[in-house]
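Me: I would like a close look at one part of this structure, with its surroundings brought in where they help. Please take it step by step and keep the wording careful.

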Amino acid sequence: MSVIRLTVNGRAHTVDVDPTTPLLYVLSDDLELRGPKFGCGLGQCGACTVILKGEAVRSCSIPVQSVAGTEITTLEGLGSPENPHPIQQSFIDGQAMQCGFCISGVIMTAKALLDRTPNATEAQIRQALANVLCRCGANLRMIAAIKRYQQQRQAGVPSARTERAGAGERRTA
Amino acid sequence: MSSLLTPDARAALSRREFVKRSGALVVAFSAARFATDLGLAPGSVSAQGINGVGSPNLDSWIAVGADGRVTAYTGKCELGTGLYTAQLQLVAEELSVPIDRVTLIQCDTSMTPDQGTTSGAQSHPSNFNHANLALACATAREAFVQMASKRLGVPIEQLAAADGAVAVRGDPSRRVPYGDLLGGNTFNLQLNPKARRKPASEWTVLGTSVPRVDFPAIATGRFEYVHNVRVPGMLHGRVVRPPAIGATLVQVDEGSVQGMPGLVKVVVRKNFVGVVADKPWQAEQAARRLKVEWTAGTPLPDQRTFHQHLRSQTATRDALSVDSGDVDTMLAGAATVLRSTYMHPYQMHASVGTACAVADVQGTRATIWSATQAVWPLRNTAATLLGLKPQEVRIIFRMGSGCYGVNGADTVSYDAALLSQAVGRPVRVSLSRRDEMSWENYGPAYIIEQRVGLDPGGTIVAWDYEGWSLSLGGRPGYNAPGNVVSGRLAGFQPQGVQPRSPAPAPTGALDNGSNTVPSYCTGAIGGSSRGTGTVRSERVLSHVVLSPFFTGPLRSPARLQNTFAHESFMDEIAAAVKADPVEYRLRHLRDPRLREVVTAAAAKAGWDRRPSPRNGNGSRRSGVAAGRGMACVLYEGDNGYCALVAEVEVNLSTGLVTVRRSVAAMDCGPVSNPDGARNQMEGGIIHGISRALREEVTWSGDRVTSVDWRTYRPWFLGDPVPVIETVLVNRPDAEAMGAGETTVTVTAAAIGNAIFDATGARVRQSPFTPERVKAALEART
């Protein structure tokens with residue numbers, strides 16, 4: 001066991017854990033965060049995704065010791081139910097999920113991409129999400145929610161709430 | 001009680017807390033008592049039906065506090081489909097209260113009625129028609145009107161309920177809120193079968209696209225899934241499964257993990273092995289290091305010839321769904337006889353999150369937080385497993401990762417319970433990806449042989465179906481913990497297959513719950529035709545054999561496999577007589593609602609009327625052929641109409657199939673939430689594409705080899721998805737039907753038919769991998 005200092009969602013934490021513990025376990029067990037989730041433990045599905053230094057990474061596959069002192073952002077670090085981040089609001093507006101278990105992978109991966117590449121094409125968005133799994137099949141709504149967020153962002157209204165767009169009949173990806 | 005609480009936070013409030021806060025008294029009840037009331041022996045087949053025994057007591061469903069807040073109790077839970085929000089809408093509508101004044105408690109054996117299992121697209125039929133939750137709300141609303149009539153001295157005809165109060169029509173100043181009428185007391189009423197439901201024409205909440213109430217918490221990482229349940233003093237467990245099918249435990253070397261940090265205990269019960277530690281990582285490492293000796297596994301049949309193996313089994317359980325008795329004669333006299341064989345693989349639920357549960361078993365008290373679809377049945381089987389009485393066990397539902405049927409939720413509940421009992425402290429268990437995929441209850445493989453006889457005009461005059469599938473275990477129900485892996489490892493037997501051959505003659509009314517009978521048959525038994533089609537000469541014989549793997553319901557269980565065979569074969573027949581596939585279907589369908597969804601989907605898709613295959617579309621030049629296909633179904637024979645048009649492109653050199661457009665029409669009666677229904681239709685199509693094009697459980701030697709997302713690869717977010725268009729045929733005055741499993745049922749057939757239309761190649765084995773499509777292309781003559 002060793003004492004490790006972590007900065008998660010802007011707050012400092014000190015944990016006393018086996019330094020080889022996957023970051024995900026520390027986030028969900030020691031810090032009791034609910035955003036990142038265990039899907040496979042193999043870095044294959046994305047459910048555990050967090051943002052580290054601007055990159056979307058799989059927290060199930062990183063030992064906690066390697067991120068000591070690095071700013072870590074989880075899904076709850078973006079916004080709250082009362083005040084969601086615009087990308088979260090876009091998913092809520094578009095009713096772009098079903099069980100929602102995969103949502104950290106989808107939102108955190110898309111956010112990291114658009115922070116880095118604001119004008120990402122749809123092909124680039126899909127490429128970034130190539131190894132993120134939504135088993136309920138909300139794929140079209142998710143891509144649409146990401147693009148809506150991107151458009152808002154490009155229009156310079158990052159906090160504006162969009163009209164609810166979930167009930168549209170025709171969806172294209 | 002604040003409506004701002006997330007659903008889980010609300011549900012976390014115990015009934016006692018609710019009573020304290022709202023001032024309402026709530027009468028507890030016992031499922032066993034109601035089974036007796038209904039004249040059923042507890043544990044009898046009827047009492048164990050998919051929808052449980054419910055409750056005739058209004059107070060079991062609805063409580064209204066003196067403050068006017070409404071708490072409803074439901075035995076049908078949110079599995080990610082939007083049912084929680086839809087049930088809130090139902091209560092708000094039927095009881096005439098604002099939706100934000102309603103709290104819904106779902107699936108907790110200490111609080112909610114026994115509604116059996118949330119599955120089979122049965123939640124709408126059971127809770128939104130004239131029974132259970134809907135009837136409870138209607139009964140309560142009428143009771144309030146009667147109370148107000150007495151209070152105000154006004155006849156009930158002159159009163160109306162709205163906004164949580166009863167008021168005199170035309171004089172809103174004379175108004176009594178529900179809270180005042182009931183005064184924090186119970187109703188002490190039985191559900192009134194004659195209570196009048198609010199007509200759909202008056203709906204203002206139900207029937208509208210109310211956004212999911214749980215999404216803000218989910219999207220911001222605040223929602224409490226079962227994976228997030230934390231209990232004081234909780235430890236972490238990890239199971240050690242056998243390495244191969246049929247392997248049994250020889251010995252465990254506890255010394256191999258002695259002194260490992262945080263290790264609390266190694267637990268062995270018959271073939272069940274697990275470890276408990278302070279931290280999840282410690283448990284995982286201990287499970288990896290623990291030396292366990294197992295016997296050799298049982299060799300599995302060769303996967304390459306598995307369907308032939310299945311087809312040749314002799315100890316079968318046989319069932320005749322229909323048999324007009326004249327099929328052989330009609331086939332012998334037919335102008336043309338066509339035959340075809342379809343094969344479907346084993347597929348898995350493959351939930352994104354592995355199964356997880358928390359159990360706290362101390363002495364004769366057990367509480368299990370579980371994502372099970374079946375809290376009441378699980379209460380009984382967990383009690384059996386733990387050697388307790390059912391009333392000593394409480395199951396509290398917490399949503400898990402989408403399950404799509406009996407995934408690992410029950411298994412892991414047993415794992416947690418066994419480990420917790422062994423250490424006398426709460427234990428959380430989360431399965432590894434490999435353990436979940438290697439041992440879950442797969443949707444079974446099928447091989448289906450069909451023949452039809454045609455008259456000289458090309459109309460079908462006889463239909464003969466013979467199908468083989470497999471079974472082992474399944475839902476544990478109320479009394480079979482051995483139906484899932486951990487129950488079996490702990491020493492309980494799974495339900496096997498009791499051979500029965502020949503099949504008894506069909507009696508009673510047609511039960512087409514597994515869609516074994518094609519839509520084009522009359523489904524006639526004893527002079528009563530409950531099928532949807534016109535073909536009178538019909539025989540539908542199915543065989544079930546013992547499966548080497550656990551099996552269980554997977555989204556559209558058996559319905560998908562059967563519909564794949566029926567709808568693909570129907571397309572072959574249409575092509576053989578050079579008929580347009582849509583027109584040919586309509587020629588053999590007599591159910592007007594099924595005809596309507598077929599017509600609606602075709603119209604929306606701009607269906608090009610002509611026989612398949614399409615000829616000469618420039619594919620030689622581009623190397624890509626395009627085509628369209630149709631499939632339809634009345635799900636479960638009575639639970640949701642759906643038709644789907646798929647448009648695909650086939651790469652002629654690689655065999656790769658891309659679905660470009662999917663147009664679905666659905667009629668599930670009155671639509672509770674249009675956007676929610678569309679979300680289900682869209683998700684079902686993408687789930688269906690994944691299963692049609694990619695998914696197949698694989699094995700080799702004595703073990704499963706599809707054990708992670710590389711070896712079992714569903715549709716990921718980067719994979720191409722079609723444009724999806726949906727048509728909802730709303731029938732406000734019809735009975736509510738299921739909406740969650742219709743599109744997935746028809747997707748594989750529609751895609752296969754579109755492949756044929758594009759290329760003239762018929763792929764009769766799913767999934768339609770590039771290799772299989774290429775082989776079919778090469779086999780064209």
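Which residues is B:Ala601 in contact with, leaving aside its neighbours within four places in sequence, and what can be said about the parts of chain B beyond it?

Reply: In this predicted model, and with neighbours within four places in sequence set aside, B:Ala601 is in contact with B:Ala643, B:Leu644 and B:Val645, with B:Val663, B:Ala664 and B:Ala665, and with B:Val727. B:Ala601 is also one of the residues with the most contacts inside the largest nonpolar core, which has 282 residues; B:Ala417, B:Val597, B:Cys642, B:Ile751 and B:Ile755 are the others named with it.

One of these core residues, B:Ala417, leads to helix H13 of chain B, which covers residues 409-423. H13(B) lies across S7, S9, S10, S14, S15 and S17 of chain B, and runs at about 35° to S14(B). The strands belong to an open sheet of seven, whose order in chain B is S9-S10-S7-S17-S14-S15-S16, with mixed pairing. Strand S9 (263-269) and strand S16 (393-397) of chain B stand at its edges, and because each has a single partner strand, one side of each is left without a neighbour in the sheet. From one strand to the next the twist averages 20°. Within the sheet, S7 (residues 235-239) and S17 (residues 427-430) of chain B pair in the parallel sense over three bridges, and B:Gly237 has B:Val429 in S17(B) as its bridge partner. Helix H9 of chain B also packs on the sheet, where it touches S7, S9, S10 and S17 of chain B, and its direction makes about 140° with that of S10(B).

H9(B) takes us on to the contact between the chains, in which 54 residues of chain B are in contact with 60 residues of chain A. Helix H8 (215-219), helix H9 (280-289), helix H20 (674-693) and strand S28 (723-728) of chain B each supply at least two residues of the side that touches chain A, and H20(B) gives the most, with nine residues. By type, the residues on that side of chain B divide into 23 nonpolar, 20 polar and eleven charged. S28(B), with its range of 723-728, brings the account back to the starting point, since B:Val727 is among the residues in contact with B:Ala601.

Definitions and conventions. Residues are numbered from 1 along each chain as its sequence is written. Chains are lettered from A and ligands numbered from 1 in the order in which they are written. This is a predicted model: local features need pLDDT of at least 70, side-chain atom pairs count only at pLDDT 80 or more; totals for chains, interfaces and linings use all residues. Two residues are in contact if their C-beta atoms, placed from the backbone, lie within 7 Å. Helices (H or I, at least four residues) and strands (E, at least two) are DSSP runs, numbered from the N terminus. Ala, Val, Leu, Ile, Met, Phe, Trp, Tyr, Cys and Pro count as nonpolar, Asp, Glu, Lys and Arg as charged, and the others, Gly among them, as polar. A nonpolar core is a set of buried Ala, Val, Leu, Ile, Met, Phe, Trp, Tyr and Cys residues joined through C-beta atoms within 7 Å. A residue is buried if 20 or more other C-beta atoms lie within 10 Å of its own, exposed if 12 or fewer, and partly exposed in between; C-beta atoms are placed from the backbone. Two strands pair if DSSP finds at least two bridges between them. Axes are lines fitted to C-alpha atoms, for helices over the stretch in contact, and angles run from 0 to 180 degrees between N-to-C directions.
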